[in-house]
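Good morning, colleagues. Please bring up the sequence and the structure so that we may go through them together.

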Amino acid sequence: MTEIKNIHKSYGKKQVLAGVDFTVEPGEIVGILGANGSGKSTLLTILAGLQKCDAGFFNMEGKNLLKDTKLRNQLVAYLPQEMPLITELTAWDNLRMWYSADRLKRELDSGVLKLLGIDQFIKVPVHQMSGGMKKRLCLACAMNTSPKLMLLDEPTGSLDLVCKEKIYNYLERYKNEDGSVIIATHEVQEIELCDKCYILKDGRLVDCKYDGDIPHLIGRL
Amino acid sequence: MIALVAILLSAALFALLNRDAYKSEQMRYKLGLVGSTDNEMIDLGVHLLETEDDMQFVLELVQYEDEAEAKAALRSADISAYIVITDEFADAVDAMTNDAKLTYYATSGQKGISNVMMDEIALVATNIIVPSEKGICTLRDIMLQEGYDKTDTYMAVYEIFMAYVNTMMLRGEISTVTELGISNGLTTPQYYFVSLLLFFLLLVTMCFVSYFIGINQAQHKFFSSKGITPLQQVLGEYIPFLTVNIIVALLVTGLAKLTGLGDFIGVDIGGGFVLRMAVIEALFTGLAFLLYEILEGIINKVLVTFLLYIAGSYASGYFYPRSILPEIMQQVGQWLPTGLAFDYLGGVVTGDSGAFVMVIMIIYVVIFVGGSVLIRRRY
């Protein structure tokens, strides 16, 4: 189980996170909703180790991953909103930064890269790819350590429905293999994918039971 | 594309230096003379230099009204050096004393010819004084014939001889050499070779930097989330960036070597030159890296970097010799990375080991890379 406890973060006098607590079970997808600037991305970057929090714990396998960075790099994958790809290179070259050549071939034949459909555009330069291809490639790069927890920051924003569907299918599969996911999102489809949802408001998480009533949800943000 | 531009630039420079007009200018050394030559002894010396000395075949004397005019001619390489003949020197010559000296101004690049010039001037002094020796002896004989007291005559002649010997002994120090330099002692072709080469290499860093850094902050975030530290990220980008820049520098210097340009303008493009280029590339790469790391947005990166390069190059004497800039700008320019690079590469010509400059440049590189790491930590 992943346990996030009492995360605090302030920028100067502005408190962005004022004690965030929640848990994520294996095989569970947790959605974090909130208005722009509410602190969703800040929470994910803290969990990914990109910035430090003022206080709090992030426990997995009995260890505080805010301190054990080596273990965190193995267990946690983070996908930022923007594309962390080198656009001049092909999909193969980008993946080679994270996979050995042998493993890359194996994964393309029957592994995670096959599932994501990377094999169909492995030799295409990134600047010639569609948004969906790029996003799947980003996901493939993030999955190199076979992580147990994925942190996704608005993973399907601005993608078309077909691309979204491919990514959702992959997330479902990952979930069924006991993978945990935390998604910061605005997308209704992603909310529907989640087992649990929270709204981040005034630096704290509030339970959110989404029943398809969008106006009601908007009112709570 | 870069190689093509380098070839075209090298070809243009080679053609410029190979012109007949340029060659004709190189046929004789021109020595400027500042000050009055009305004094009989000095006039004799000038006459000897122009007509009876071995140097007459390679030396041309050019008279200038004032020193500023001669200095301008030296900086534009119209003359190789100039000598200032002061009234005090003329008086000292008349009195056969060594109270005043000629001042010989030359660029460091003309050091070789300076030594020859000094020897020649000393030789001219000898040519003047040897007849004087005969005159003294003749004077002694006449005095004895005329019945002057023998003891008094010998005492007087002895004093005159002592003055003569004293002058002879010090004739090698008849002039002092002051190095002015068109720009830190380089001749005009050497100056333009060094400055254009450095400016070209500076601009080349702008062509490659976008491949390595700064375009996509998401990459840095992603790398950090994978446990790759800012230092590892910066070094991982800086080293290939430096490698590419060094390859370009090697291509350009290789072309200069192959075409014989280096030999033609008196720049030894050997191992020492290449090593210095590598240190300079480390500096330029670090500078470009830091600027691109600090600046946000591709337009800002290109425009601001270009403007800073132009300003730095100007202050460092890439477009005009630094010596003609205001004193304060000279002081600033010599400590800028571009100014240090100029002095360091120019040292190949002037024979300066450049050890101190190299240490400062390495400190700059550490600051640039360290600064880039600090900025990268924001991701």
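I shall take confidence, then the nonpolar cores, then one helix pair.

This is a predicted model, in which local features need pLDDT of at least 70 and side-chain atom pairs count only at pLDDT 80 or more, while totals for chains, interfaces and linings use all residues. Residues are numbered from 1 along each chain as its sequence is written, with chains lettered from A and ligands numbered from 1 in the order in which they are written.

Chain A averages a pLDDT of 87, pLDDT being the predictor's confidence in each residue, from 0 to 100. Among the elements of chain A, helix α3 has the highest mean, 94, and helix α9 (residues 214-220) the lowest, 63. Where pLDDT is low, the predicted coordinates should not be read in detail.

The largest nonpolar core (buried Ala, Val, Leu, Ile, Met, Phe, Trp, Tyr and Cys joined through C-beta atoms within 7 Å; buried means 20 or more other C-beta atoms within 10 Å, with C-beta atoms placed from the backbone) has 60 residues, and A:Ile32 and A:Leu43 are among those with the most contacts inside it. Helix α6 of chain A gives the largest share, seven residues. Apart from this core lies another of 47 residues, including B:Tyr364 and B:Val365.

In chain B, the axes (lines fitted to C-alpha atoms over the stretch in contact) of helices α12 and α16 come within 9 Å and cross at roughly 25 degrees. The two are therefore roughly parallel, a term for angles under 35 degrees.

How values were computed
Helix = DSSP H or I, 4+ residues; strand = E, 2+ residues; numbered from the N terminus. Buried ≥ 20, exposed ≤ 12 C-beta atoms within 10 Å, placed from the backbone. Axes fitted to C-alpha atoms, helices over the stretch in contact; angles between N-to-C directions. Parallel < 35°, antiparallel > 145°, perpendicular 65-115°, else oblique.
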